[in-house]
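Colleague: I have some labels to challenge here. Show me the model, and I will ask what backs each one.

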Amino acid sequence: MCSRVLSEKVEIRRGQPEPASEQQSERGANHFKNRNKKKKSAGKRFLQNAKGFGRKNSFGRGAELEQDEYNYFVEILEAMNGLEDADERSTMACNVYEQIREKEIKTSSNQLSSRVLENLLGFTDESTLEHLMEVFVENFRVVCCDKFASHVLQKMLFIAVVRCVGGSQPEQEEDGPAAKKMAKGELGRELEYNMGQEFGEGHRKVCGKFVKKVAKFLLNNLEDFVWDSFGNYVIRQCILNLAGIAEQKISKGESSVVKRLTVPEKWTKLINEFSLRLLAWPQFADLPYNEFTSVLLQNLLTSLARSEDKFQLAQIGEKLLNESFLKEEPPAEDDEPEAVQLPKVFQHDSSIRLLEVLLSVSSEEFLKDHLFKQLFQGKIVLLSNTRATNFAVQKLLDNIADKHLLELFFSELDAGLEEVLQQGHTGVVANLAKACNRLSCQQGKLIKLLLDALHCSDATGEKLLNSVLKLMPPEVLAKQENAPIHLHGSVILQAILEFNKPIKLVSAILETKNDSLAKIFTDPRGSFVVNAFITSKFVGEKSREKLIRHLEGCYMDLALSSHGSRALELLYGAASPTQKESIVKELSERVAQLNSKPWGVIINRKLAVDSYRKNPTAWKNGTAAAPLNDKVGKLFDKVIGGAESRKRK
């Protein structure tokens, strides 16, 4: 787990955040596969290091193990690496935990053995887990602040929550576009195992009591553990779990909300107790400015939003705003006398992150009447141009639900959009475009401001398209012909294509040379423009037909690219029967080249290109009734096979 490293426990972001829909284009289709390879490689390094320490008679950090114990855990860790079957892991878990009976706390406090125990904990049987919970209850104070044992406690809490409520969950979708792919990993297997097992009612009650005991203990010792790096992390996970948010860290800089569980109402009351206790602290106003306590408040806000406790959310929001965020820090010595002094909340990374979460969970009225007016109004350009604070502006735009509020936003940013782009804070413009699309207002004004800021108001065709996609003026692009497509440029163009009147950009796309368009559509970022063009209800049917016809001669270029092949599928799905045949006919003339790439093979199968090459008439008969999916190839093979069989007869 990434939380084993102190610096990774505090969620500090660097770089522009990527919208969920664009993460796939940026990461590529093999992102999760490659990430799992890296994780396996890191696991191998950990194992090799453990073996090396053992040869030097250094038996792990933390609590010292005996040599034979240390070697035993090295062997178990090595055996676990290739162990995929859940039942085999369950057998191994029971054996390992039997070996450490009466030594659970000491073993959990060693770096090597704690990792083994943590990874096997989810596969223990009922009696083993219940015994472990009893042992940990008696030693809460020791394990909460131990560098390694605290991770075992966190996993134990997670497993107890899932086992307690997992058998009575309604069908739910995982959160986030990548959740299903993440579920295939280590944590996914563990979650699936504990959600699917038929645990006895008595065991579920024991798990529920353990969750309450952990929460009560943390509440009673809040002042001690909040400031401790490891104790703080246990509190944070406990609060999330009480709200039914089964969250664990996957790797550095990433977290996966694996499941949102329905939990007993009495658990949400415990969250309320955490909230009341923190609100009563004399030092509450200082909590946003410490990295650990800021993340604790972020998790608390997230949990309150999940449990729909609007009253507590309002209380915390008002107290944060009035007693903490609005404080002004004394100006620095080098500040200009007339410089705008920002509220204290914008002076620290930790408090800015907390503000972003508050913007996400606040009611529409509180955001509009308090957060915007008291923190953002009159400072939009300044905040947008500052590296640390432009993320808060983006989050504000994400959560604006009032057209009048967006108008106020525009009134300030009217003359400052070019400066924002020059600073490289393009996420602000991307989120502004999405807000205009979501609220169906200020769309024409945004297009005008954007084109003016890029000095391309009079440009047409390829010049205009590239300026928007690459977020560079034409005169700059003339000197940087190979400049890459900007992620946020693609996002902005996608949003504009969803506007009520996207005609200027639609025309620019259709006026661009087909080989240049194919190059854009094979780019991991540019390929998503096809999605918006095909699905937008404000792009006319004739424009879609023109685009498909315009790309004739370039279909093979699209098919031979991983991202272009996906774009080609979308174009094929929107094409008329005549255009479908035109696409397949062009591909059928170079089948060998098409099959030279794995994604080309997929296109061949989905569009039944080989079938067309063998018998165009049968292909037409099949495609008239067949949808575009993986079964199309088999359907055509049957049609072709039947036709050829009849001929032979």
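Colleague: What is the phi of G244, just after helix 15?

Modeller: Positive, about 85°. Keep in mind that this is a predicted model.

Colleague: What makes helix 15 "mostly covered"?

Modeller: The cut-off for buried is under 20% relative accessible area. In helix 15, 14 of the 14 residues are buried.

Colleague: How do you know what span to expect of helix 15?

Modeller: Take 1.5 Å times one less than the number of residues. Helix 15 covers residues 229-242, 14 residues, with an expected 20 Å. From first C-alpha to last, helix 15 reaches 20 Å, close to that expectation.

Colleague: Which side chain reaches a backbone nitrogen at the start of helix 15?

Modeller: That of D228. One of its side-chain oxygens comes to within 3.0 Å of the backbone nitrogen of F230. The limit for a polar contact is 3.5 Å, so this pair is inside it.

Colleague: Why is S108 called buried?

Modeller: Because its relative accessible area is 1%, and buried means under 20%. S108 sits in helix 6, residues 104-108.

Colleague: What does S108 touch, beyond residues up to four places away in sequence?

Modeller: S114, L117, F136, D146, F148, A149 and V152. There is also a polar partner: a polar side-chain atom of S108 lies 2.7 Å from the backbone oxygen of E104.

Colleague: Why is the phi of A608 worth a remark?

Modeller: Most residues other than glycine have a negative phi. A608 is not a glycine, yet its phi is positive, about 55°. A608 lies in the loop between helix 38 (598-607) and helix 39 (609-614).

Colleague: Is A608 buried or exposed?

Modeller: Buried, because its relative accessible area is 3% and the cut-off is 20%. In helix 38, just before, G600, I603, N604, K606 and L607 are buried too.

Colleague: Which residue in the loop between helix 25 and helix 26 has a positive phi?

Modeller: Q442, with phi near 60°, and it is not a glycine. That loop runs between helix 25 (426-439) and helix 26 (443-453).

Colleague: Why is C441 counted as buried?

Modeller: Because 11% relative accessible area is under the 20% limit. C441 is in the loop between helix 25 and helix 26. Leaving aside neighbours within four places in sequence, C441 is in contact with K403, L406 and C436. C441 and N500 are 59 residues apart in sequence but 9.3 Å apart in space, C-alpha to C-alpha.

Colleague: What makes helix 27 "mostly covered"?

Modeller: Of its 10 residues, 461-470, 8 are buried. They are G461, L464, L465, N466, S467, V468, L469 and K470. The cover includes helix 26, helix 28 (474-477), helix 29 (487-497), helix 30 (503-511), helix 31 (514-521) and helix 32 (528-535). After helix 27 comes L471, with a positive phi near 50°.

Colleague: Which residues touch the most other members of the largest nonpolar core?

Modeller: F376, L406 and L587, in a core of 186 residues. Helix 10 (residues 149-165) gives the largest share of this core, 12 residues.

Colleague: What is F376 in contact with, leaving aside neighbours within four places in sequence?

Modeller: F346, L355, L359, L371, L383, A392, V393, L396 and E412.

Colleague: How much of the protein counts as buried?

Modeller: 53% of its 649 residues. The fold has 41 helices and 2 strands. Of the contacts with a separation of 6 or more, 72% join residues 24 or more positions apart. The exposed area is about 29600 Å², with carbon and sulfur atoms supplying 48%.

Colleague: Where is the confidence lowest and highest among the elements?

Modeller: Helix 1 (residues 6-9) has the lowest mean pLDDT, 29, and helix 19 (residues 349-361) the highest, 95. Residues 52-59 fall below 50, with 11 contacts in the model beyond near neighbours in sequence. Residues 250-255 stay under 50 as well, and have 17 contacts beyond four places in sequence. Over the protein, the mean pLDDT is 81, and 79% of residues reach 70 or more.

Key. Residues are numbered from 1 along each chain as its sequence is written. This is a predicted model: local features need pLDDT of at least 70, side-chain atom pairs count only at pLDDT 80 or more; totals for chains, interfaces and linings use all residues. Side-chain values use heavy atoms; hydrogens and water are left out. A nonpolar core is a set of buried Ala, Val, Leu, Ile, Met, Phe, Trp, Tyr and Cys residues joined through side-chain atoms within 4.5 Å. Buried means under 20% relative accessible area, exposed over 50%, partly exposed in between (1.4 Å probe, protein chains only). Helices (H or I, at least four residues) and strands (E, at least two) are DSSP runs, numbered from the N terminus. Contact means heavy atoms within 4.5 Å. Accessible areas come from the Shrake-Rupley method with a 1.4 Å probe; for residues, only the protein chains shown count as cover. A polar contact is a pair of N or O atoms within 3.5 Å; within protein, one must be able to donate a hydrogen and the other to accept it, and residues adjacent in sequence count only if both atoms are side-chain atoms. pLDDT is the predictor's confidence in each residue, from 0 to 100.
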